[in-house]
Amino acid sequence: MSTFSESALIKKLGELNTTQQSIQTLSLWVIHHRKHAKIIVQVWQTELIKAKIKKKLTFLYLANDVIQNSRKKGAEFTKAFGGVLITAFTHVSKHADEKTKNSIERMLNIWFERKIYDKEYINQIKQSINKIYQSKLGKSTQPATVSKPSVSKRSSGTEIPTQKDIVPKRSRLEELIVENADDDYLTLSPRDPPEAEDLAKSLLELESAASSDAVIREKIASLPSEVQDVSRLEKITDQATADQLLKTVDEACMLLAEYNGRLVAEIEDRRQVARMLADYVRQQRSLLQESEQKLADYRDKLSKVSEVRKELKSHIQNLPDLTMLPSVTGGLAPLPSAGDLFN
């Protein structure tokens with residue numbers, strides 16, 4: 001079930017922060033809705049321009065995560081972002097400090113090294129960035145060249161640029177789980193209620209959601225203990241053992257990250273169904289009120305008709321019996337016939 005909407009994406013982009021968890025969680029949600037890649041990129045670019053200066057680099061980090069981690073599932077985001085990245089990097093460069101410049105350079109180098117985009121396209125981005133730097137500094141700078149990037153590895157086995165000394169915050173998944181009754185589906189303005197068939201279909205689709213995927217849950221439950229046993233690090237004596245442990249941990253992290261993304265999508269789906277239920281109940285209550293009002297009107301009309309019928313019956317009963325009246329014709333001769341008139 002697709003629960004994507006531009007308003008939902010705008011809200012999530014507004015909640016995006018510089019922590020790795022926040023970026024990764026939103027990235028997984030975006031990739032889950034990759035069939036809306038063009039719209040997602042358009043909204044991303046619009047919100048990037050509207051974002052505060054200190055948050056603009058985070059938007060690039062999000063794009064970086066989405067582009068790299070969506071490649072195995074398709075090239076939708078690589079193509080969609082490819083049409084706006086020059087403009088986006090140029091815009092961010094206008095407000096970039098030295099730390100932001102280094103982060104941008106490192107990101108572009110990673111893309112070149114991993115062949116995310118070809119060298120010509122990356123150099124076009126660099127040239128556009130350098131023009132901004134030249135105009136800001138009032139002097140020429142040498143074109144940047146592709147160099148070996150410096151990156152930080154995250155637990156999922158992939159690498160993204162990160163900022164140092166960031167205080168970890170609660171993940172978006174945890175925030176969604178602990179949200180209370182002040183959910184937005186209770187406070188949003190009324191929308192068109194869903195059809196009963198659509199609502200039933202949505203409820204049925206929830207039966208195959210991630211939380212009921214017994215196969216994946218069993219895989220997670222059966223993960224080897226070394227993926228979380230820090231003491232195993234002390235027992236590593238050679239490179240082969242270290243590589244094997246790293247591979248095992250990376251596979252476990254990828255499994256958990258993917259399942260985490262599915263759970264986030266499921267939460268969104270359940271929130272959407274909750275909205276649909278709220279709208280449907282609102283419609284049914286409205287229809288019930290209308291029906292009760294009509295029933296009251298019909299009862300009132302029935303009461304009036306009954307009163308009129310009773311009164312009419314009383315009048316009929318009070319009418320004189322014509323058979324009991326004296327003869328008004330007496331002994332008068334009958335009227336002539338038509339034949340008698342013309343004789």
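**A cavity and the nonpolar core**

In this predicted model, the largest cavity is lined by Leu9, Leu13, Val30, Ile40, Trp44, Leu62, Val66 and Phe81. The space within this cavity comes to about 50 Å³, and the structure holds one cavity of 30 Å³ or more. Three helices each supply at least two residues of the lining, namely α1 (6-15), α3 (37-50) and α4 (53-69). Sorted by class, the lining consists of eight nonpolar residues, with no polar and no charged ones.

Two of the lining residues, Trp44 and Phe81, lead on to the nonpolar core. The largest such core has 46 residues, and Trp44, Phe81, Phe89 and Trp111 are those with the most contacts inside it. Two or more residues of this core come from each of α1, α2 (20-32), α3, α4, α5 (76-82), α6 (85-94), α7 (98-113) and α8 (119-137). Among these elements, α4 gives the most, with eight residues. As a general tendency, nonpolar side chains in soluble globular proteins are buried together.

Phe81 merits a closer look. When residues up to four places away in sequence are not counted, Phe81 touches Val41, Trp44, Ala63, Val66, Ile67, Tyr117 and Tyr121. Of these partners, Trp44 and Val66 also belong to the lining of the largest cavity.

A further part of the chain carries an annotation. An unreviewed UniProt entry lists residues 281-308 as "coiled-coil region". In the model, the chain over residues 281-308 is 100% helix and 0% strand, and the C-alpha atoms at the two ends lie 40 Å apart.

Note on methods
Residues are numbered from 1 along each chain as its sequence is written. This is a predicted model: local features need pLDDT of at least 70, side-chain atom pairs count only at pLDDT 80 or more; totals for chains, interfaces and linings use all residues. Side-chain values use heavy atoms; hydrogens and water are left out. On a 1 Å grid over the protein atoms alone, a cavity is a set of points where a 1.4 Å probe fits but cannot get out, and a pocket is an open set with protein on both sides within 12 Å along at least five of seven lines; lining residues have an atom within 4 Å of a point. Grid points are joined across faces, edges and corners, and a volume is the space filled by probe spheres set on the points. Helices (H or I, at least four residues) and strands (E, at least two) are DSSP runs, numbered from the N terminus. Ala, Val, Leu, Ile, Met, Phe, Trp, Tyr, Cys and Pro count as nonpolar, Asp, Glu, Lys and Arg as charged, and the others, Gly among them, as polar. A nonpolar core is a set of buried Ala, Val, Leu, Ile, Met, Phe, Trp, Tyr and Cys residues joined through side-chain atoms within 4.5 Å. Buried means under 20% relative accessible area, exposed over 50%, partly exposed in between (1.4 Å probe, protein chains only). Contact means heavy atoms within 4.5 Å. UniProt positions are given in the numbering used here, feature names are shortened, and annotations may be inferred rather than shown by experiment.
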